[in-house]
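Visitor: I'd like a close look at a single part of this protein, the inside of its biggest enclosed space, and a bit of what surrounds that space. Could you walk me through it?

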Amino acid sequence: MAGPSLPLRVATLLTGLLECLGFAGVLFGWASLVFVFKTERYFEELCEADAGLLSNATGQADCKAQDERFSLIFTVASFMNNFMTLPTGYIFDRFKTTVARLLAIFFYTSATLTIAFTSADSAVLLFLAMPMLTVGGILFLITNLQIGNLFGKHRSTIITLYNGAFDSSSAIFLFIKLLYEQGISLRASFIFLSACSIWHVGRTFLLMPRGHIPYPLPPNYSYGKEEKKTAEPENRELQSNECLSSNRDGSGLVQQQNLRSFWSYALSQRFAWHLVWLSVIQLWHYLFIGTLNSLLTNLAGGDRMQVSAYTNAFAITQFFGVLCAPWNGLLMDRLKQRYQKEAKRTGSSAAAVALLSAVPSLTLTSLLCLGFALCASIPVLPLQYVTFILQVVSRSFLYGGNAAFLTLGFPSEHFGKLFGLVMTLSAIVSLLQFPLFTLIKGPLQNNPLYVNVTLLLTTLLTFVHPFLVYRECRAWKEDPSKP
């Protein structure tokens, strides 16, 4: 890594971190933006006449139709966040970095300009703008994750850090909200984000590779000097999707398993329970973020000052996702090293002990989600500070743990396809957030108790996954011939 290319690599690393931190995952700061949209009277025409009069008098309107419209926009955008992982990964594999980034810039700039020039009369355009913003952000993340390949043994740390920065970027909408409260218009803020496309274009042509950054790096690889001339691995799909994992070390251990077809893994019990684990926890997070403004409004009795203060507190905790994310990877790395030493001493299956290292991470993520869900279900406003903390830690652990498990639990040649499949299927499950919100606002008359209890009981199912993996690993260690 030493040599004249080191400053260029460091510059690419730091600007990539800034790009993920400032742009990639802003959608998940939705609650802050909804507060501004409501102040700007977006979708206020959906409110009943008496609710509108009450709002003008006291600032306290329980306009369920307006809340449902905002919830639907977030549902569609968050669905695209997962569902588009597979096609955007293919675009990156097939057309390489420059094309993928130019497409990201197009989507992102189009989205920010659309939001900038949207008003209460044209608020329906948010249904187009927010999904485009999400797709652009995902492409920024995917193209930046390969930068970890430049730093050898620090690769997992960098990839995990970038995923954490993606989570923390949700705080950007908080800054927009705070600026709005200081007199800076929503239009001015989003025009500024649009203007940042000049910076994205500069990074694309001055710092980022035109093709892919290979892993491992070839012996004579010189970053920034026509890296296309350096031989890249033939399996580009594996190399690019590999970057999505926060912990790729040890994937070779899984290759000791008997090679089977992709569908034999996709239809396996291990994959099915992992899908349940990811989908249930993710549904909790999406439902909470998408309905946070409505939840806080109800708990605060419509007091806009309190709603604003708690919305700010939520967004601030989201910013610390960049610090929480690496701990999950560190936990798995340490456990894997410990179990591998034990395997050498006892002669156990190396692949089994590598997979066993994921069990504490899976269990801890489920525990964090259960704690977060319990706090969110208790209608006490000050308790939501604890909810915010548990939510950001749980979400930081979720996606890194997901990718790491797939690398440890399945052959590496199927990682890209399995990753895309689990994200796509979990995206379909995430669509449940809108009918659940509609159920709370309608038949349940704004009382989420029954929905929360049902989801809490469903969350207990996520503990089945680490238990089955643990049991499978114990059996596998005793009889390595088992697949």
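**A loop, a cavity and some neighbours**

Guide: Let's come at it by way of a loop. T118 sits in the stretch that links α5 (85-116) to α6 (126-145). Is T118 buried or exposed? It's buried, because its relative accessible area is 6%, and the cut-off for that label is anything under 20%. Its side chain reaches back to the backbone oxygen of T114, at 2.4 Å. Leaving aside residues up to four places away in sequence, T118 touches Y42, A123 and L125.

Before going further, keep in mind that this is a predicted model. The fold has 23 helices and 0 strands, and 57% of the 483 residues count as buried. Among contacts with a separation of 6 or more, 83% are between residues 24 or more positions apart. On the outside, the protein exposes about 19,500 Å², with carbon and sulfur atoms supplying 67% of that.

Now for the space you asked about. There are 5 cavities of 30 Å³ or more, and the largest has a volume of about 310 Å³. Its lining is made up of 25 residues, and those closest to the centre are L141, N163, F166, Y399 and M423. Which elements give two or more residues to that lining? They are α4 (64-83), α6, α7 (155-168), α16 (321-346), α19 (384-409) and α20 (415-430). So α6, the helix that follows the T118 loop, turns up again here as one of the contributors. The largest share belongs to α19, which gives 6 residues. As for chemistry, the lining splits into 12 nonpolar, 11 polar and 2 charged residues.

Since α19 gives the largest share, it's worth a look at another residue of that helix. Y385 is in α19 and counts as partly exposed, because its relative accessibility is 39%, between the 20% and 50% cut-offs. Its C-alpha is 7.9 Å from that of Y310, a residue 75 positions away along the chain. Y385 touches Y310, and A313 as well, again not counting residues up to four places away in sequence.

Next, go to α20, another contributor to the cavity lining. L432 is in the loop between α20 and α21 (433-441). It too counts as partly exposed, because its relative accessibility is 44%. What is the spacing between L432 and T75 in sequence and in space? They are 357 residues apart in sequence, yet their C-alpha atoms are 8.6 Å apart.

One more loop along, you get a bit of backbone to check. Most residues other than glycine have a negative phi. Q445 has a positive phi of about 50°, and it is not a glycine. N446 also has a positive phi, near 70°, and is likewise a residue other than glycine. Q445 is in the loop between α21 and α22 (449-459), and N446 is found in that loop too. Where do they stand on accessibility? Q445 counts as exposed because its relative accessibility is 67%, whereas N446 counts as partly exposed because its value is 22%.

Terms used: Residues are numbered from 1 along each chain as its sequence is written. This is a predicted model: local features need pLDDT of at least 70, side-chain atom pairs count only at pLDDT 80 or more; totals for chains, interfaces and linings use all residues. Side-chain values use heavy atoms; hydrogens and water are left out. Helices (H or I, at least four residues) and strands (E, at least two) are DSSP runs, numbered from the N terminus. Buried means under 20% relative accessible area, exposed over 50%, partly exposed in between (1.4 Å probe, protein chains only). Contact means heavy atoms within 4.5 Å. Accessible areas come from the Shrake-Rupley method with a 1.4 Å probe; for residues, only the protein chains shown count as cover. A polar contact is a pair of N or O atoms within 3.5 Å; within protein, one must be able to donate a hydrogen and the other to accept it, and residues adjacent in sequence count only if both atoms are side-chain atoms. On a 1 Å grid over the protein atoms alone, a cavity is a set of points where a 1.4 Å probe fits but cannot get out, and a pocket is an open set with protein on both sides within 12 Å along at least five of seven lines; lining residues have an atom within 4 Å of a point. Grid points are joined across faces, edges and corners, and a volume is the space filled by probe spheres set on the points. Ala, Val, Leu, Ile, Met, Phe, Trp, Tyr, Cys and Pro count as nonpolar, Asp, Glu, Lys and Arg as charged, and the others, Gly among them, as polar.
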